[in-house]
Amino acid sequence: GNFTRFKTACNRHAEQTVHKNAMAKFSNFKATTSQVGTNDIVQQLVDVNGKQSEENMAKLRGIVQTVILCGRQNIPLRAHRHEQFNPGQEDKRTGNPGNFLTLLDFRADAGDSSVARSFHRRPGGGKAIKYTTPRVQNQLVECCGDDIWQQVLQEVKNSPFFTVLADEATDASNTEQMAIVLRYLSSDLEICETFLSFTACSNGTTGEALAAQI
């Protein structure tokens, strides 16, 4: 009857290459999704993105630490001429790429795998995320400066006494600037003096103008 013909058609279809390929793909998909913790495609994508984010954070951690080291030691990040090269690689350019890239290269040679790995190409030919261009260097310096600024302001807010010290100075380009320093009592009852910033004396250099500028 109809059932017999239906069964015969199903058996004939099961022998076709299209059906066998589809069943093989389904078996692979089922084996992948049956693994513990990976039964949800969305969760798999989240896990991949999370892993990539952790890798990028590890790369950035070593780079930020190098920027902070240069700042603490009063070391300029780069010279007037910037020559890019890949720290941890053999195809380095000759010349002076600047202190920042040279220190990263030192970290990579010393065994910092996160820094060295950040300069390798991704599988499939994608470009690695380096975080080392002059623009990114400036952004990292600004981020560090903002963080230090906020820490100093918080210490001043917690201090029972503080005062502002200011003085005008002219730089090499004859630009009049005002240096601002905060003097305050720390939580350990120690007197602290912290340089805050230089600001342009746009309204003049008289006492009244400097007071208004502050």
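What share of the 214 residues in the protein is buried? Keep that in mind as you open the structure, which is a predicted model. Colour the residues by burial, and the answer is 24%.

**Stop 1: the whole chain.** Switch to a cartoon view. You should find seven helices and three strands. Now start at the N terminus and follow the chain along: the order of elements is α-α-α-α-α-α-β-β-β-α. In other words, six helices come before the three strands, and one more helix follows them.

**Stop 2: the surface.** Turn on the surface display. The protein has an accessible surface of about 15,500 Å², and carbon and sulfur atoms account for 54% of that area.

**Stop 3: contacts along the chain.** Next, think about which parts of the sequence meet. Take the contacts between residues at least 6 apart in sequence: in 37% of them, the partners are at least 24 apart.

**Stop 4: the largest pocket.** Select V141, C144, G145, D146 and I148 and zoom in. Of the 20 residues lining the largest pocket, these are the closest to its centre. The volume of this pocket is about 520 Å³.

**Stop 5: the pocket walls.** Now select helix 3 (41-72), helix 6 (134-158) and strand 3 (191-200), the elements that each give two or more residues to the lining. Which of them gives the largest share of the lining? Helix 6 does, with ten residues.

**Last stop: the character of the lining.** Colour the lining residues of the largest pocket by type. You will see twelve nonpolar residues, along with four polar and four charged ones.

Terms used
Residues are numbered from 1 along each chain as its sequence is written. This is a predicted model: local features need pLDDT of at least 70, side-chain atom pairs count only at pLDDT 80 or more; totals for chains, interfaces and linings use all residues. Side-chain values use heavy atoms; hydrogens and water are left out. Helices (H or I, at least four residues) and strands (E, at least two) are DSSP runs, numbered from the N terminus. Buried means under 20% relative accessible area, exposed over 50%, partly exposed in between (1.4 Å probe, protein chains only). Contact means heavy atoms within 4.5 Å. Accessible areas come from the Shrake-Rupley method with a 1.4 Å probe; for residues, only the protein chains shown count as cover. On a 1 Å grid over the protein atoms alone, a cavity is a set of points where a 1.4 Å probe fits but cannot get out, and a pocket is an open set with protein on both sides within 12 Å along at least five of seven lines; lining residues have an atom within 4 Å of a point. Grid points are joined across faces, edges and corners, and a volume is the space filled by probe spheres set on the points. Ala, Val, Leu, Ile, Met, Phe, Trp, Tyr, Cys and Pro count as nonpolar, Asp, Glu, Lys and Arg as charged, and the others, Gly among them, as polar.
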